[in-house]
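Trainee: I should like to work through this structure with you, step by step. May we begin once it is on display?

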Amino acid sequence: MAKRRRKKDPIAELLGLSVMGVFFFVFSKSNSFEVSGIFAGIWIGICLAGSFAYDQVKNDCLKRSGITEIDKMDGRQFEHYLGLLFKTQGYKTTVTRAAGDYGADLVIEKEGKKIVVQAKRYSKNVGIEAVQQAQASIAHYKAHEAWVVSNSDYTDAARNLASSNSVRLINRKMLIKMILEMNPQAVPDPKNVIEELPQKQIKCDRCGSSMVLRKGQKYEFYGCSAYPKCRSTKAI
């Protein structure tokens, strides 16, 4: 299996190119490696300070968005959180039944427009199944369009299918932006949702211990808390 390439850090790349540029520019003017090194060092300090400030702002935005708490939610909690989030944006929201939802986790309406929403609280990229379910639910709920909202991102296949079927995909970055652009006083608190809707306690069929949410290479699953004594698992 081919190793997955690490994503390049754009800040690090920019810093490296910037330092090289400054070094050669000063060297071309002064013809001195020593002078060029001094200026390059000063420029590194400036760039590192800017990078640190950027990281501070980024971390503050993530904290204000509550995305870390959202990542801890289970699917049911995420659905109700989105219901509250859209409600504060003026939508009439309905969270559908956990079973027999016909492909939509939420139905939201505003100004005569009905939208079906698939909520996917994932740790991996969301695949085409979510897009298929969202698109299929339009006819059942007599909706005008379909959205898929996730705290993660989407596979290329999911993006292609969504594009050809006019399904709107809202990924992690877009969700964070949506939250940050709202009135902070109106944004629902993820911690309150988690407290009001505690995660279901699932027991191991083999030993009776509690099952806990675990992350596999491709998907999440419930594993026995008594692992490694008990290796029982359950699909989500």
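Mentor: Let us begin with a helix in this predicted model. Helix 7 (residues 172-180) lies across strand 4 and strand 5.

Trainee: At about what angle does helix 7 run to strand 5?

Mentor: Helix 7 covers residues 172-180 and lies across both strand 4 and strand 5. With respect to strand 5, its direction is at about 75 degrees.

Trainee: Which residues does Met174 touch, not counting residues up to four places away in sequence?

Mentor: Met174 is found in helix 7. Its relative accessible area is 35%, which means that Met174 is partly exposed, since that class lies between 20% and 50%. Beyond its sequence neighbours up to four places away, Met174 touches Arg168 and Leu169.

Trainee: Is Arg168 buried, partly exposed or exposed?

Mentor: The place of Arg168 is in strand 5. Not counting residues up to four places away in sequence, Arg168 touches Ala146, Trp147, Val148 and Met174. Its relative accessibility is 37%, and therefore Arg168 counts as partly exposed.

Trainee: In what order do the strands of the open sheet lie?

Mentor: The sheet is open, is formed by 5 strands and has mixed pairing. Its edge strands, each pairing on one side only, are strand 1 (92-95) and strand 5 (167-170). Neighbouring strands are turned by 20 degrees against each other on average, direction ignored. The order is 1-2-3-4-5.

Trainee: In which sense, parallel or antiparallel, do strand 3 and strand 4 pair?

Mentor: Strand 2 (residues 106-110) and strand 3 (residues 113-120) run antiparallel and are joined by 5 bridges; Val107 stands opposite Val116 there. On the side of strand 4, Val116 stands opposite Ala146. Strand 3 and strand 4 are paired over 6 bridges, and the sense is parallel.

Trainee: How many of the residues of strand 4 are buried?

Mentor: Glu145, Trp147 and Val149 point one way from strand 4, whereas Ala146, Val148 and Ser150 point the other way, and all are buried. Strand 4 is therefore largely enclosed by the rest of the structure. The count of buried residues is 6 of the 6.

Trainee: Which residue has its backbone oxygen 2.8 Å from a polar atom of the side chain of Ser150?

Mentor: Ser150 lies in strand 4 (residues 145-150), and its relative accessible area is 0%, so Ser150 is buried. Not counting residues up to four places away in sequence, Ser150 touches Phe78, Lys120, Tyr122, Val126, Ile170, Asn171, Arg172 and Leu175. The residue with its backbone oxygen 2.8 Å from a polar atom of the Ser150 side chain is Lys120.

Trainee: Which element supplies the largest share of the largest nonpolar core?

Mentor: This core has 25 residues, of which Tyr81, Leu82, Leu85, Phe86, Trp147 and Leu175 touch the most other members. At least two residues each come from helix 3 (67-71), helix 4 (75-87), strand 2, strand 3, strand 4 and helix 7. The largest share, 5 residues, comes from helix 4.

Trainee: How many residues does the other core have, the one that includes Val116, Ala130, Ala134 and Val148?

Mentor: In soluble globular proteins, nonpolar side chains tend to be buried together. Apart from the largest core lies another one, with Val116, Ala130, Ala134 and Val148 among its members. Its number of residues is 17.

Trainee: How far apart are the end C-alpha atoms of helix 4, and what span should its 13 residues have?

Mentor: Buried residues in helix 4 include Gln77, Phe78, Tyr81 and Leu85. At 1.5 Å a residue, the expected span is 18 Å, because the rise is multiplied by one less than the number of residues. The end C-alpha atoms agree with this, being apart by 18 Å.

Trainee: Which residue caps the N-terminal end of helix 4?

Mentor: The cap involves a side-chain oxygen that lies 3.2 Å from the backbone nitrogen of Arg76. The residue that supplies this oxygen is Asp74.

Trainee: What percentage of the residues in the chain is buried?

Mentor: The chain contains 8 helices and 8 strands. Of its contacts with a separation of 6 or more, 52% are between residues 24 or more positions apart. Among the 236 residues, the buried share is 34%.

Key: Residues are numbered from 1 along each chain as its sequence is written. This is a predicted model: local features need pLDDT of at least 70, side-chain atom pairs count only at pLDDT 80 or more; totals for chains, interfaces and linings use all residues. Side-chain values use heavy atoms; hydrogens and water are left out. Helices (H or I, at least four residues) and strands (E, at least two) are DSSP runs, numbered from the N terminus. Buried means under 20% relative accessible area, exposed over 50%, partly exposed in between (1.4 Å probe, protein chains only). A polar contact is a pair of N or O atoms within 3.5 Å; within protein, one must be able to donate a hydrogen and the other to accept it, and residues adjacent in sequence count only if both atoms are side-chain atoms. Contact means heavy atoms within 4.5 Å. Two strands pair if DSSP finds at least two bridges between them. Axes are lines fitted to C-alpha atoms, for helices over the stretch in contact, and angles run from 0 to 180 degrees between N-to-C directions. A nonpolar core is a set of buried Ala, Val, Leu, Ile, Met, Phe, Trp, Tyr and Cys residues joined through side-chain atoms within 4.5 Å.
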